[in-house]
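Biologist: Could you take me through one part of this model in some detail? I would like to hear about the helix near the end of the numbering and the side-chain contacts that involve it.

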Amino acid sequence: MKFKSKKDWWLTVIIWGACIFAIGSGIYGLMVKPFSIYVFIIVLLGAIILPLIMLWFWLATYYVITDDSLIIKYGPFQTTIPLHRIQSLKKTRNPLSSPALSLQRIEIFYDKYSSVLISPEKREVFIKVLSSKCPHMKVSN
């Protein structure tokens, strides 16, 4: 079952604002001054590729629960956690960097010292489905 990441409004403003600013700055930089190939390459990287990567993370962050694993996909990256290794989960608002686009998060503990923060759109449904697939898992609030 696939779950999209919940997206906070303030993060939406930051991501889209940064993309628009980067593209606008690049266009302005190329129009104002005569440019060399080096300036063109820097503008290409900063004004086109960087916003595309940011949007890739924004549009391709989701979580999939299969019969035997939890797959966390965020942009070009993917983490797969076998369900038998998941020990517990808890709801949190931890702001640490993670594959989560909202502060309404779930921290999943697996192996001995590993954890990951995610933010499924339908948090309660996600917890229910994961609990049914991982009966050994402890759920705390």
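Modeller: Happy to; here is a walk through helix α3 and its partners. Please keep in mind that this is a predicted model. Helix α3 covers residues 123-133, and a good place to begin is its aromatic residue, Phe-126. The structure holds four aromatic pairs. In one of them, the ring centres of Tyr-63 and Phe-126 are 6.5 Å apart and the planes meet at 70°, so this pair is edge-to-face. Because Tyr-63 belongs to strand β2 (residues 61-65) and Phe-126 to helix α3, the contact ties together parts 63 residues apart in sequence. Tyr-63 is buried, at 0% relative accessibility, and Phe-126 is likewise buried at 0%. Phe-3 joins Tyr-63 and Phe-126 in one aromatic cluster.

Now for the charged side chains, where the count comes to three salt bridges. One of them links Asp-67 and Lys-133, with 2.9 Å from N to O. Asp-67 sits in the loop between β2 and β3 while Lys-133 is in helix α3, so this bridge ties together parts 66 residues apart in sequence. Asp-67 is exposed, with a relative accessible area of 69%, whereas Lys-133 is partly exposed at 33%.

Glu-124 forms a salt bridge with Lys-91, and their closest N and O atoms are 2.4 Å apart. Here Lys-91 comes from strand β5 and Glu-124 from helix α3, so the parts tied together are 33 residues apart in sequence. Both partners count as partly exposed: Lys-91 has a relative accessible area of 27%, and Glu-124 is at 48%.

How values were computed
Residues are numbered from 1 along each chain as its sequence is written. This is a predicted model: local features need pLDDT of at least 70, side-chain atom pairs count only at pLDDT 80 or more; totals for chains, interfaces and linings use all residues. Side-chain values use heavy atoms; hydrogens and water are left out. Rings of Phe, Tyr and Trp (its six-membered ring) pair if their centres lie within 6.5 Å; planes under 30 degrees apart count as stacked, over 60 as edge-to-face and the rest as tilted. Helices (H or I, at least four residues) and strands (E, at least two) are DSSP runs, numbered from the N terminus. Buried means under 20% relative accessible area, exposed over 50%, partly exposed in between (1.4 Å probe, protein chains only). A salt bridge is a side-chain nitrogen of Lys or Arg within 4 Å of a carboxyl oxygen of Asp or Glu.
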